[in-house]
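Let's learn to read a structure by asking how each label is earned. Have a look at what follows, and then we'll go through it step by step.

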Amino acid sequence: MSGISNMNGFRTLLYKETLRFWKVSFQTIAAPVLTAVLYLLIFGHVLEDHVRVYDSVSYTSFLVPGLVMMSVLQNAFANTSSSLIQSKITGNIVFILLPPLSALTLFSAYVLAAMVRGVSVGLGVFIVTAWAAKLSFVAPGWILIFAVLGSALLGTLGLIAGIWAEKFDQLAAFQNFLIMPATFLSGVFYSVHSLPAFWYTVSHFNPFFYMIDGFRYGFFGVSDVSPWHSLSVVLISFAVVATVALSMLRRGYKLRH
């Protein structure tokens, strides 16, 4: 009975979290797509003739996968973090905690919904920006792997942020001082090989760099580091944040008052 209850609860919570962002898709999907297009128009226009990252890849072509992956990561994080903080502030978190759902069930439903939103926005960004660049699909398997793992990792990180934050200001601080810097310092707009020695070293401690670099490898077959190395870093990072998130859910940290 417990297994059936958890499965029904998983489906219901997943449906609720997916419907939550889909009903306001103009804000949750269309707006991030427009933002990515603006980045492409501005950076592509300004730097196309001045920056050459790989010999066989134009700057605009290099930029598009980075923008797609950046959109995937940011929106996966936003889905879980915003959902939890809103539920805590409005008090309806009690309706999530009252049913006999395991921590793993809650974790799976929240993170999977975040992955759906992240990948949906990423697909939308790709559709509207692919016209501007010459893209190839050298290793589509790597594209799928890093899109799925990246959205899962950021969805889990959003879960941690949503549990930890008690008000929107704290969530904004988490996003502004951790997520945004890590995203913009990950090689979305440039190759890390163009950085000074200090920042080049720092970038290799940033899991976001490996997600974007591995994702880009799937398009062009070239990258700053081996995709296998990137995959191992992303898997380890996901294992760490998933362990933390599950521990917080099991203890009811900042959820049960």
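**How the labels are earned**

Q: Before we start, what kind of model is this?
A: This is a predicted model.

Q: Which residues bring H3 and H5 together?
A: On the H3 side they are Val64, Leu67, Val68, Ser71, Val72, Asn75, Ala76, Ala78, Asn79, Thr80, Ser83 and Leu84. They meet Tyr110, Val111, Ala113, Ala114, Arg117, Gly118, Val119, Val121, Gly122, Val125, Phe126 and Thr129 of H5. Sorted by class, the contact of H3 with H5 has 15 nonpolar, eight polar and one charged residues.

Q: Why are H3 and H5 called roughly antiparallel?
A: Start with the angle: the axes of H3 (residues 59–90) and H5 (residues 103–129) cross at roughly 150 degrees and come within 7 Å. Angles over 145 degrees count as roughly antiparallel, so H3 and H5 earn that name. Their crossing is right-handed.

Q: What makes H3 roughly parallel to H6?
A: The axes of H3 and H6 (residues 140–164) come within 7 Å and cross at roughly 30 degrees. The cut-off for roughly parallel is under 35 degrees, so H3 is roughly parallel to H6. This contact divides into 15 nonpolar, seven polar and one charged residues, and the crossing of H3 and H6 is right-handed.

Q: Why is H5 called oblique to H10?
A: H5 and H10 pack at an angle of about 125 degrees, with their axes 9 Å apart. Roughly perpendicular covers 65 to 115 degrees and roughly antiparallel needs over 145. An angle of about 125 degrees fits neither range, nor the one under 35 degrees for roughly parallel, so H5 is oblique to H10. H5 passes H10 in a right-handed crossing.

Q: Which residues make the contact of H5 with H10?
A: H5 brings Ala103, Leu104, Leu106 and Phe107, while H10 brings Phe238, Ala242, Ala245, Leu246, Leu249 and Arg250. By class, they are nine nonpolar, no polar and one charged.

Q: How do you know whether Ser81 is buried or exposed?
A: Ser81 sits in helix H3 and has 2% relative accessibility. Buried means under 20%, so Ser81 counts as buried. Leaving aside neighbours within four places in sequence, Ser81 is in contact with Gly158, Ala161, Gly162 and Leu171.

Q: What makes the pairing of Ser81 with Ala78 a polar contact?
A: The side chain of Ser81 reaches the backbone oxygen of Ala78 at 3.4 Å. The limit for a polar contact is within 3.5 Å, so this pair meets the distance limit.

Q: Why is Thr129 called buried?
A: Thr129, found in helix H5, has a relative accessible area of 1%. That value is under the 20% cut-off, so Thr129 is buried. Beyond its neighbours within four places in sequence, Thr129 is in contact with Val37, Leu40 and Val64. A polar atom of the Thr129 side chain also lies 2.6 Å from the backbone oxygen of Val125.

Q: And why is Ser120 called partly exposed?
A: Ser120 is in helix H5, with 25% relative accessibility. Buried would need under 20% and exposed over 50%, so at 25% Ser120 counts as partly exposed.

Q: What is notable about phi of Lys254?
A: Phi of Lys254 is near 60 degrees, a positive value in a residue other than glycine. Lys254 lies in the segment after helix H10 (227–251).

Key
Residues numbered from 1 in each chain as written. Predicted model: local features only at pLDDT ≥ 70, side-chain atom pairs only at ≥ 80, totals over all residues. Heavy atoms only, no water. Axes fitted to C-alpha atoms, helices over the stretch in contact; angles between N-to-C directions. Helix = DSSP H or I, 4+ residues; strand = E, 2+ residues; numbered from the N terminus. Left-handed = near helix turned anticlockwise from the far one by under 90°. Contact = heavy atoms within 4.5 Å. Nonpolar A, V, L, I, M, F, W, Y, C, P; charged D, E, K, R; others polar. Buried < 20%, exposed > 50% of the residue type's maximum accessible area, 1.4 Å probe, protein only. Polar contact = N/O pair within 3.5 Å; in protein donor to acceptor, adjacent residues only side chain to side chain.
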